[in-house]
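Student: Please select one part of this model and examine it closely, residue by residue. I should like a connected account of the contacts made there and of the surroundings in which they sit.

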Amino acid sequence: MASYEDYIAVNIELPEIFDPHDGYVWKVVKNFRDRPLSATVSSGVIAPEIPKTVAILLDIDVYMQKELPSSLEELKGALAMMRDLKNEIFEICVTDKAREGFT
């Protein structure tokens, strides 16, 4: 049977009293000091629709906490910076086994 840890590199170690569990969700909020961006990343295990499988959620939200640029070129640059951060977060959160499933 597949397990959450096979696919997501960020994990929570649950005390034995919660094993087995019916699902969980974690969330991290990060303000990046080196760029004008913040991110909220959440993941969890939910009840699968298909027996003997695992259903995993990975949600990455990247946003600016300041006024958006007014020119089109600056806006494109801000969106590119946000996309790069989202991709960086995604790559550190998933395992090679998860990547294999995308091909």
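**A strand, its approach and its surroundings**

Tutor: The side chains of D34 and R35 are joined by a polar contact of 3.5 Å. The model is a predicted one, and every distance that follows is computed from its atoms. D34 belongs to the loop between β1 and β2, and this loop is a convenient approach to β2, which spans 37-46. Because its relative accessibility is 61%, above the 50% limit, D34 is classed as exposed. A reference distance places D34 in the fold: its C-alpha atom is 16 Å from that of G77, a residue 43 places away along the chain.

From the loop we pass into the strand. T40 has its place in β2. Its relative accessibility is 15%, so T40 counts as buried. The T40 side chain makes a polar contact of 3.2 Å with the side chain of Y63. With neighbours up to four places away in sequence set aside, T40 is in contact with K27, V28 and V29, as well as with D59, I60, D61 and Y63.

One of these partners, V28, can be viewed from its own side. V28 lies in strand β1 and is partly exposed, because its relative accessibility is 43%. Beyond four places in sequence, the contacts of V28 are A39, T40 and V41. For a longer reference, the C-alpha atoms of V28 and T103 are 28 Å apart, with their positions 75 residues apart in sequence.

V41 comes next. Under the same exclusion of sequence neighbours, V41 touches W26, K27 and V28, then L58, D59 and I60, and also I89 and C93. V41 is also among the residues with the most contacts inside the largest nonpolar core, together with Y4, L37, V62, L85 and I89. That core has 19 residues. At least two of its residues come from each of β1 (24-31), β2 (37-46), β3 (55-64) and α1 (72-93), and the largest share, five residues, is supplied by α1.

S43, also in strand β2, deserves particular attention. Its relative accessibility is 0%, so S43 is counted as buried. What does the side chain of S43 meet through its polar atoms? One partner is the side chain of Y4, in a polar contact of 2.6 Å. Another is the backbone oxygen of L57, which lies 2.6 Å from a polar atom of the S43 side chain. The wider contact list of S43, again without residues up to four places away in sequence, consists of Y4, I8, Y24, V25, W26, I56, L57 and L58.

Two of those contacts, Y4 and Y24, lead on to the largest pocket. Its space amounts to about 380 Å³. The pocket is lined by 22 residues, and the closest to its centre are Y4, H21, Y24, V45 and V54. By class, the lining comprises 14 nonpolar, four polar and four charged residues.

Y4 therefore connects several parts of this account, because it makes the side-chain polar contact with the buried S43, ranks among the best-connected members of the core and is one of the residues closest to the pocket centre.

Note on methods:
Residues are numbered from 1 along each chain as its sequence is written. This is a predicted model: local features need pLDDT of at least 70, side-chain atom pairs count only at pLDDT 80 or more; totals for chains, interfaces and linings use all residues. Side-chain values use heavy atoms; hydrogens and water are left out. On a 1 Å grid over the protein atoms alone, a cavity is a set of points where a 1.4 Å probe fits but cannot get out, and a pocket is an open set with protein on both sides within 12 Å along at least five of seven lines; lining residues have an atom within 4 Å of a point. Grid points are joined across faces, edges and corners, and a volume is the space filled by probe spheres set on the points. Ala, Val, Leu, Ile, Met, Phe, Trp, Tyr, Cys and Pro count as nonpolar, Asp, Glu, Lys and Arg as charged, and the others, Gly among them, as polar. A nonpolar core is a set of buried Ala, Val, Leu, Ile, Met, Phe, Trp, Tyr and Cys residues joined through side-chain atoms within 4.5 Å. Buried means under 20% relative accessible area, exposed over 50%, partly exposed in between (1.4 Å probe, protein chains only). Helices (H or I, at least four residues) and strands (E, at least two) are DSSP runs, numbered from the N terminus. Contact means heavy atoms within 4.5 Å. A polar contact is a pair of N or O atoms within 3.5 Å; within protein, one must be able to donate a hydrogen and the other to accept it, and residues adjacent in sequence count only if both atoms are side-chain atoms.
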